[in-house]
Amino acid sequence: MKLLNHPIEMIAVFDIDGKITPAKFRYEDKVVRVEKIIKRQKEKLAGNERWVFTCMHQQNYLYELKYEIDTQKWFLFKK
Amino acid sequence: MSDKIIFHIDVNSAFLSWHQAYYRQIGRDENLLEDYYAIGGNEKKRHGIVLAKSIPAKKMGVKTGQSLMEARQICPKLKVIPPRYDVYVKASKKLRELLMSYTPLVEVFSIDECFMDMSGTSIIQKSVEKGAFFLKEKVKKEFGYTVNIGISNCKLLAKQASEFEKPDKVHTLFPEEVPHKLWPLPVEELFMVGNKTKIKLQRIGIETIEQLASCETSLLETLMKSHGRLIQQYAKGIDDSIFVKKEGLPFKGIGNGSTIAFDVIDQETARHILLSLVETASARLREANLVCNVVSVGIKSSEFLNFGKQRKLSFFTDVTQTLYQEAIQLFSEIWDGKPIRHFSVRFSNLEWSYRKQIHWFNSQIDYKMEALDPVIDRIRDKYGTYSVMRGCYVHSGLEPLLGGYPDDDYPDMSSLL
């Protein structure tokens, strides 16, 4: 996986319990559907809270999405 | 007092550690702590000083407070990163929040230091040291940076303890440990002993903290007045400061400064510049609902000499005109007519404006001015900063509102225990 930390446009589901699930996002003019979320965890490096989603694409590519709570921005972190 | 357990939490190389953790988060893999790095002012504008440095840079002789140019001469490989105060303030706030979840008694000492009163809390029930280790590891795991924790039964000793060996360590310094842990250290390691005091003490042959503790009190008093008594108490490990939970004012002072593009040589230009600085600083004062009663003015000559003066007023105010009058008065007292490159004004000793004491000798004009300022602020807010400006700036080539780069103190910084 390569580090990107690239801001992206995202459509996500926020359910009634406050759980966040990314659904699809736009990257380099392509729309990518989030197929499978393998792991979700919260990181608080230097106190900055971000949700980290490790996702799988087409059953063999791993990539990481991050959602920064304070700024409400989504990032494609690694792909 | 003696049954208390106080922790002192100190973030190791705070700015760099936080920057590093931030870099890790955004996926940059530079290792700031293990290479020649410093956090310093804006490089492009070529002004600024070293705010923090990595350990290798420290070994090369880079010091906090040095100008970046000096630092580069000492350490040519030095890489300078501009500071990200937003990151640091957030990191500091979140650390505080975490600590608050273990004890409600957290006293903020500076942006990267906190005292915690841990007496009777659950995490130190089994062992005090284990509790501290737990906390230290928790911070490391959760936030991605390391802290030092000093343990004692008063704030002073806890602070001294956390200074012992860095980074990522827990130290204890209880009163019974003072003779073998604190006393052999050189005197400048003691809290409140700075460069000046150190020189004074060395002149009377005091090199270690033990010598200071056993010195005749009257000798220290003649030399340094009450400060002498204080540091001797500290050297003995006596500190009867109380735990204060600070609430209140968001700033300690509001200031504004600017380096002027040319050297200022005449009184009138200087006054205009001061006025423009006062305008922005006093607007910030009013925006925060604060009033001040100390005004200070600082100038830097083209030869880089600093002059400054401050005065305490007999009343609290936030009125631009009054503050400006005071500022030019101070300015005329310090200026010797030499060219000036930098001006600064600062307002301190703040108080909430709703608590303001009505001033006996206010004239009609003062009341009118007081009513005028908020109106101007609102106009500027609504129609743009330059929608109203003073006539003296028309075609003067000077900025009617100078500064704006926040120059405020961190709210909780203090050198008092």
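Start by selecting helix H6 of chain B: B:Lys155, B:Leu156, B:Leu157, B:Ala158, B:Lys159, B:Gln160, B:Ala161 and B:Ser162 are buried there. Buried means that 20 or more other C-beta atoms lie within 10 Å of the residue's own, exposed means 12 or fewer, and partly exposed is in between, with C-beta atoms placed from the backbone. Helices (H or I, at least four residues) and strands (E, at least two) are DSSP runs, numbered from the N terminus.

Before going on, note that this is a predicted model: local features need pLDDT of at least 70, side-chain atom pairs count only at pLDDT 80 or more, and totals for chains, interfaces and linings use all residues. Residues are numbered from 1 along each chain as its sequence is written, while chains are lettered from A and ligands numbered from 1 in the order in which they are written.

**Around H6**

Back to H6(B), residues 155–163: 8 of its 9 residues are buried, so the helix is largely enclosed by the rest of the structure. Now show what those buried residues pack against in chain B: strands E1 (6–11), E6 (113–117), E7 (147–152) and E8 (170–172), plus helix H7 (178–182) and H11. Contact, here and below, means that the C-beta atoms of two residues, placed from the backbone, lie within 7 Å.

**H10 and H11**

Since H11 is on screen, add H10. The axes of H10 (residues 217–224) and H11 (residues 226–235) of chain B come within 6 Å and cross at roughly 135°. Axes are lines fitted to C-alpha atoms, for helices over the stretch in contact, and angles run from 0 to 180 degrees between N-to-C directions. H10(B) and H11(B) are therefore oblique to each other; angles under 35 degrees count as roughly parallel, over 145 as roughly antiparallel, 65 to 115 as roughly perpendicular and the rest as oblique.

Turn on side chains: from H10(B) come B:Thr217, B:Leu220, B:Glu221, B:Leu223 and B:Met224, and they meet B:His227, B:Gly228, B:Arg229 and B:Gln232 of H11(B). Sorted by class, this contact has 3 nonpolar, 4 polar and 2 charged residues. Ala, Val, Leu, Ile, Met, Phe, Trp, Tyr, Cys and Pro count as nonpolar, Asp, Glu, Lys and Arg as charged, and the others, Gly among them, as polar.

**The cores**

Next, select B:Phe7, B:Trp18, B:Ala38 and B:Met116, the residues with the most contacts inside the largest nonpolar core, which has 68 residues. Helix H1 (residues 14–25) of chain B gives the most to this core, with 6 residues. Domain 1 (1–172) and domain 2 (183–235) of chain B each supply at least three residues; those bounds come from an automatic or database domain assignment. A nonpolar core is a set of buried Ala, Val, Leu, Ile, Met, Phe, Trp, Tyr and Cys residues joined through C-beta atoms within 7 Å.

Zoom in on B:Trp18. Not counting residues up to four places away in sequence, B:Trp18 touches A:Ala46, B:Val87, B:Tyr88, B:Ala91 and B:Tyr145. There is also a second, separate core of 28 residues, including B:Val278, B:Leu290, B:Val295 and B:Leu330.

For another buried spot, pick B:Ala327, which sits in helix H13 (residues 320–334) of chain B. B:Ala327 has 25 other C-beta atoms within 10 Å and so is buried. Leaving aside neighbours within four places in sequence, B:Ala327 is in contact with B:Leu274, B:Val278, B:Val295, B:Val297 and B:Val345. Try a distance label from B:Ala327 to B:Gln310, 17 residues apart along the chain: their C-alpha atoms are separated by 8.8 Å.

**Across to chain A**

Colour by chain. The contact takes 11 residues from chain A and 17 residues from chain B. Strand E1 (residues 3–14) of chain A gives the most to the side of chain A that touches chain B, with 3 residues. That side of chain A divides into 5 nonpolar, 3 polar and 3 charged residues.

Chain A has 0 helices and 7 strands, and buried residues make up 22% of its 79 residues. Chain B has 14 helices and 12 strands, with 35% of its 417 residues buried.

**Two backbone stops**

Finish in the loops of chain B. B:Met192, in the loop between H7 and helix H8 (195–203), has a positive phi of about 80° although it is not a glycine. B:Met192 is partly exposed, with 15 other C-beta atoms within 10 Å. Then go to the loop between helix H12 (267–287) and strand E10 (290–301) for B:Asn289. B:Asn289 has a positive phi of about 60°, again without being a glycine, and is exposed, with 12 other C-beta atoms within 10 Å.
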